[in-house]
Amino acid sequence: MKWADIKAEVAKDPVHKKERLALFRSIESAWNSGGTAQVGEWLLEQIEHTITHAENLQRQLVGTRESNGEEDTDGNED
Amino acid sequence: MEMKIRKLRISGFRGFAVERAVDLSQPVTMLYGENAKGKSSVLNAIEWCLFGSECAGKDTRMRERVGWRPENRLGSVPCRVTMMCQNPDGDITFERIPKPRNKGLTISRKGQTLCSDAEANAWVAENIGNFTQFMAMVYQHQENIRHLAIAEDSVKRSIINRLLGLSDYSNLLDSLQSTGYSTFSRKVTGVRDDIDDIIEDRIFGYKEQNKVLSQTLKLRPNVISRKLVETEADTLTSSVQSLYSRTGVKLGAKTRLADHGDPHKYINHIRDTVRALQTKSPQSKENLRVGREISDLDYQIAKIDASARKRGEERKNVKEFQVKHGKLGSLQRKLNRLEEHKTSKEDEIARIDAVYSVLSGLYKYLVEKQLGIGKQVCLACGSTVNNQQDFLKHEVKELESSTIKAAHEELGGICNNIRLVREDVRKLKELEEHLELAEKAFKDDVKEARARLRLTMKPSEDPMKILKKRKIESEQRRDALQKALKGLLSNIGKIEESCDRLDKIVAVMDNKEEIERLSSIKQHKAYKELMELEGEADLWSSDIKAIVAAITLVRDKESRARVARSKKKVSEYFNMVAENHGIKDLEMIVEHSRGYENFRFKDASDEDVITILSQGDLNVLALSIFAGLGEANLKDIPFQSIIFDDPSQSMGLHHKQRLAELANIIAENRQVIISTMDSEFRHLLEKHITRPMKVIEFERWNPNTGPELK
């Protein structure tokens, strides 16, 4: 794996260069510590974490669709 | 680092039950023998010694490696593989034993340990490469050959990438792709869209509910406000206070809306308060008491009625008996008379018995003495008798047959009468006892009723009449109370209806407030956070996409470079070995489609040659690719060995001859190890290989020791 070449390619795009390189470093680091499986696991964990966070925000705002507004959606006590 | 394998020592590994040494020091080594004689175990030992568990399992993408175990089944000697390699800087020895987490490798140089376990694995990764790279450049595996030429694009791509040493790129790209990163931001957007839909649906639902509620309340929705709730609650509280006041019951605290704050709690409290009146009001209490009294009266009336009936029956029994048999005094007198009569009769019988005894004794005396015969004066009475014996005989007979019998019969009749009268006396006494008990039970029941119901009555009065009169009075009282309670229940019902109405007004207000809250959710901090998350996810997806593009670009560049270096060799080897001379200038082409590279093999006429190749030529093509890639990229290969595992499959004599010639060419630059079971190919190798060659024969396989080498 020519990580240096890949990094140079990633760095070519000036848009969000800093964030993109940080993400690249995370992938490279995961690969070095556990290979392909570790990269997949790490990335999936990040994605699932973000989706879970989004779903928690949804529950906080409107509960779930099934709760049909019966849930105390704003955290107010009776 | 340039290495060649010189020697192997294998023990307790796969088919090797005991230790065996395999000399690989010659430029060409042929492992020759039938199937299942241990040739492949020697090749496996080389891989396992370097890479341990990396060369087993699903990740190798080789079917026979799933469930693969290094240890020999007999386990008679510990599993161990030692591989001695020639290196310009000093020979290196690799030694591996099975250990958890792929530890167990020790590397030494000139007898000195360089490193072991994880450090040794890292040394191999740095100086030799990983298992995939080793398989690409060193070990030509049968499964690669079988699939390389004819497999579908994805399989072919995987194998060629492995041969090119680029499978790490492809595996990484596959792994990134499988996480679904490209649809990830859409999922976060989906969550936000879902919130918008839920808000819209719920606002619509609450508005519809309010329409229906307003129609039921006969109020325009805009009239309904918190102020209206307060006004209606005040009216409700007044109604409750008034009702409690009318019924004379003390009203508890917290009857105003302000006491509760939450209208739902207030309404529930009011409902409970008015419902409590059903049991708390004096009329209710009196109604309950009168009800209980009527039940008591019913019980006492039934009880006294039963005991009176019993008493009447006992009285009737005594009376009927007295009429038939007389009263107890009369029966007693009758009994006395009979007892006297019996005594006198017994006396009479005693007298008759005495007379009989005298007369019968005299008669026996006269008969015995022959006296009293003829006319003479009676010795007993002095009168003149004709024959005293006859007279006495007649008198004794008369006493026996008539007088004594009659007296005894008369006595028997008297005794029988005494028994009958005594039985009547006993029976009458028993009936009188029963009557006495019935009288007592009746008196006790009346006494109990008087006590329980607090009745005052004269002894001459009939208790049943008194009780029945009292019951009629209680029933009249109950009817009057129930009439009064009906009014109370009606009032309670009206207040409950008002509670229902207020409930609906509050529901409309709750819905209005919920609509307001839902309408303002988009200004909520959490909603804004979600929007930011959506933006971040979008950015993240595009960043990963860019990284994926960079990895693909680097891989393709590398791939093109390696293919460019190799294709001349591949073509040269193919044209040298293949029988089909109609194919000229075979070219290996890399095409890109949807981020993937596909490998094509075309000839000068730009035709895809795969479809017209025989099975033998397909195998030649696969071997040419393997050998060609290896030769062209030789400088990248730390191991200067090449291993062919059964390469002459499906080949005819011509193919085999050319393949032997090719092996000889490769042997000029690399150490060649060939495993084969093909005797024809063996002879061809022996004929065409010009470099020094050692043949190791795997003659037979002993179950207790493993392969036997010659």
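How many residues does the contact take from chain A and from chain B? In this predicted model, the contact takes 34 residues from chain A and 39 residues from chain B.

**Stop 1: the side of chain A that touches chain B**

Select α1 (3–12) and α2 (17–62) of chain A, the elements that give two or more residues to the side touching chain B. α2(A) gives the most, with 22 residues. Coloured by residue class, this side of chain A divides into 16 nonpolar, eight polar and ten charged residues.

**Stop 2: α2(A) against α6(B)**

Keep α2(A) selected and add helix α6 (residues 167–178) of chain B; the two axes come within 7 Å and cross at roughly 25°. Angles under 35 degrees count as roughly parallel, and α2(A) and α6(B) are therefore roughly parallel to each other. The crossing in which α2(A) passes α6(B) is left-handed.

To display the side chains here, pick W31(A), T36(A), V39(A), G40(A) and L43(A) in α2(A); they meet N171(B), L172(B), S175(B), L176(B) and S178(B) in α6(B). The residues of this contact divide into five nonpolar, five polar and no charged.

**Stop 3: the sheet of chain B**

Move next to the open sheet of chain B, in which six strands follow the order β2-β1-β4-β5-β6-β7 with antiparallel pairing. β2 (20–23) and β7 (112–116) of chain B each have a single partner strand and stand at the edges, so one side of each is left without a neighbour in the sheet. On average, and with direction ignored, neighbouring strands of this sheet are turned by 20° against each other.

Within the sheet, select β4 (residues 80–86) and β5 (residues 92–96) of chain B, which pair in the antiparallel sense over five bridges. For M83(B), the bridge partner in β5(B) is F94(B). Then add helix α2 (residues 117–127) of chain B, which packs on the sheet and touches β6 (105–109) and β7 of chain B. The direction of this helix makes about 90° with that of β7(B).

**Stop 4: α7(B) and α14(B)**

Finally, select helix α7 (residues 181–217) and helix α14 (residues 463–519) of chain B, which pack at an angle of about 155° with their axes 9 Å apart. That angle makes α7(B) roughly antiparallel to α14(B), and α7(B) passes α14(B) in a left-handed crossing.

The contact includes I199(B), I203(B), Y206(B) and L213(B) of α7(B), and among its residues from α14(B) are I505(B), V508(B), I515(B) and L518(B). Charged residues also take part, including R202(B) and K207(B) of α7(B) and R501(B), K504(B) and E514(B) of α14(B). The residues of the contact of α7(B) with α14(B) divide into ten nonpolar, six polar and five charged.

How values were computed
Residues numbered from 1 in each chain as written. Chains lettered and ligands numbered in written order. Predicted model: local features only at pLDDT ≥ 70, side-chain atom pairs only at ≥ 80, totals over all residues. Contact = placed C-beta atoms within 7 Å. Helix = DSSP H or I, 4+ residues; strand = E, 2+ residues; numbered from the N terminus. Axes fitted to C-alpha atoms, helices over the stretch in contact; angles between N-to-C directions. Parallel < 35°, antiparallel > 145°, perpendicular 65-115°, else oblique. Left-handed = near helix turned anticlockwise from the far one by under 90°. Pairing = 2+ DSSP bridges.
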